[in-house]
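Trainee: I should like to take a close look at a single part of this protein and then see how the rest is arranged around it. The structure is shown here for reference.

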Amino acid sequence: PGSFSLSTLRLVSESDNQLASTYQNAVEKRCSENRFLIKPGELKGNALLDLIFLEEMGLLQQVAGIGGLQLNQKIREDGVWTFVERPLVLIGKGEANKEFSIEVIKITRIGQEIARILPYDPLASLQEIATYIEKNFSELSIAHIFSISPEGNMQFNEIQKIK
């Protein structure tokens with residue numbers, strides 16, 4: 001009770017198999033607490049049509065819009081950058097204070113509510129982000145977080161070296 005808005009329940013009750021499977025496939029690699037999808041480098045063909053369909057159904061925003069949405073990022077003064085998708089973290093080493101951005105597609109409120117109950121692959125999500133931002137780093141890896149201190153310091157084990 002209270003987990004889903006009435007508009008979400010209405011959309012789910014009116015959905016067919018095509019909508020459900022297209023949406024489930026699209027959001028498997030979501031990030032930032034179900035709020036975004038990484039915008040594919042080449043958005044064309046069936047992939048573009050599927051995302052536009054999901055936008056028309058009210059699940060996504062800014063699929064093909066000019067300008068689009070971006071997650072603005074900055075490498076810290078110590079040359080380290082992190083992007084957390086619990087229980088994993090993407091860690092990059094690069095030029096201190098360098099700024100870059102990640103183009104994203106917004107998942108609407110209705111889409112976020114539905115995404116919470118769908119399968120999610122944080123490793124695939126971070127691999128997708130890594131492919132997109134790799135050029136900004138001299139080193140890039142994915143690690144499993146096993147603790148975070150109250151100050152925000154992470155302890156982790158590397159599970160995949162990307163660069």
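How many residues lie between strand 4 and strand 5 in the hairpin that they form?

Mentor: Please bear in mind that this is a predicted model. The hairpin of strand 4 and strand 5 has 2 residues between its strands. Pro87 lies in this loop between strand 4 and strand 5, and the peptide bond that leads from Arg86 to Pro87 is cis, with omega near 5 degrees. As background, most peptide bonds are trans.

The two strands of the hairpin pair in the antiparallel sense, over 6 bridges. A point of reference within this pairing is Thr82, which stands opposite Ile91 in strand 5. Strand 5, residues 88-93, also pairs with strand 7, again in the antiparallel sense and over 6 bridges. Here Leu88 stands opposite His144 in strand 7. As for burial, 5 of the 6 residues of strand 5 are buried, so this strand is largely enclosed by the rest of the structure.

The hairpin belongs to an open sheet of 4 strands, in the order 4-5-7-8, with antiparallel pairing. Strand 4 (80-85) and strand 8 stand at the edges; each has a single partner strand, so one side of each is left without a neighbour in the sheet. On average, and with direction ignored, neighbouring strands of this sheet are turned by 30 degrees against each other. Helix 5, residues 122-133, packs on the sheet and touches strand 4, strand 5, strand 7 and strand 8. The direction of helix 5 makes about 20 degrees with that of strand 5.

At the other end of the strand order, strand 7 (residues 139-148) and strand 8 (residues 154-161) pair in the antiparallel sense over 7 bridges. Ala143 stands opposite Glu158 in strand 8. Strand 7 and strand 8 also form a hairpin, with 5 residues between the strands, and in it Gly152 takes a positive phi near 95 degrees.

Positive phi values are also found outside glycine. In general, most residues other than glycine have a negative phi. Asn34, although not a glycine, has a positive phi of about 70 degrees. Asn34 is placed in the loop between helix 2 and strand 1 (36-38), and its relative accessibility of 17% counts as buried. Gln62 is not a glycine either, and its phi is positive at about 65 degrees. Gln62 is placed in the loop between strand 2 (60-61) and strand 3 (69-74); with a relative accessible area of 31%, Gln62 is partly exposed.

From Asn34 one may pass to Gly111: the two are 77 residues apart in sequence, while their C-alpha atoms are 8.4 Å apart in space. Gly111 is found in helix 4 (residues 109-115) and counts as buried, at 0% relative accessibility. Apart from its neighbours within four places in sequence, Gly111 is in contact with Tyr23 and Leu59.

Tyr23 leads in turn to the packing of two helices. The axes of helix 2 (residues 17-27) and helix 3 (residues 45-56) come within 10 Å and cross at roughly 110 degrees. Angles of 65 to 115 degrees count as roughly perpendicular, and therefore helix 2 is described as roughly perpendicular to helix 3. The crossing of helix 2 and helix 3 is left-handed. Helix 2 contributes Gln18, Leu19, Thr22, Tyr23 and Ala26 to the contact, and helix 3 contributes Asp50, Leu51, Phe53 and Leu54. The residues of this contact divide into 6 nonpolar, 2 polar and 1 charged.

To return to the part that was asked about: strand 4 and strand 5 form a hairpin with 2 residues between them, the peptide bond from Arg86 to Pro87 is cis, and helix 5 touches both strands as it packs on the sheet.

Notes. Residues numbered from 1 in each chain as written. Predicted model: local features only at pLDDT ≥ 70, side-chain atom pairs only at ≥ 80, totals over all residues. Heavy atoms only, no water. Axes fitted to C-alpha atoms, helices over the stretch in contact; angles between N-to-C directions. Parallel < 35°, antiparallel > 145°, perpendicular 65-115°, else oblique. Left-handed = near helix turned anticlockwise from the far one by under 90°. Contact = heavy atoms within 4.5 Å. Nonpolar A, V, L, I, M, F, W, Y, C, P; charged D, E, K, R; others polar. Pairing = 2+ DSSP bridges. Buried < 20%, exposed > 50% of the residue type's maximum accessible area, 1.4 Å probe, protein only.
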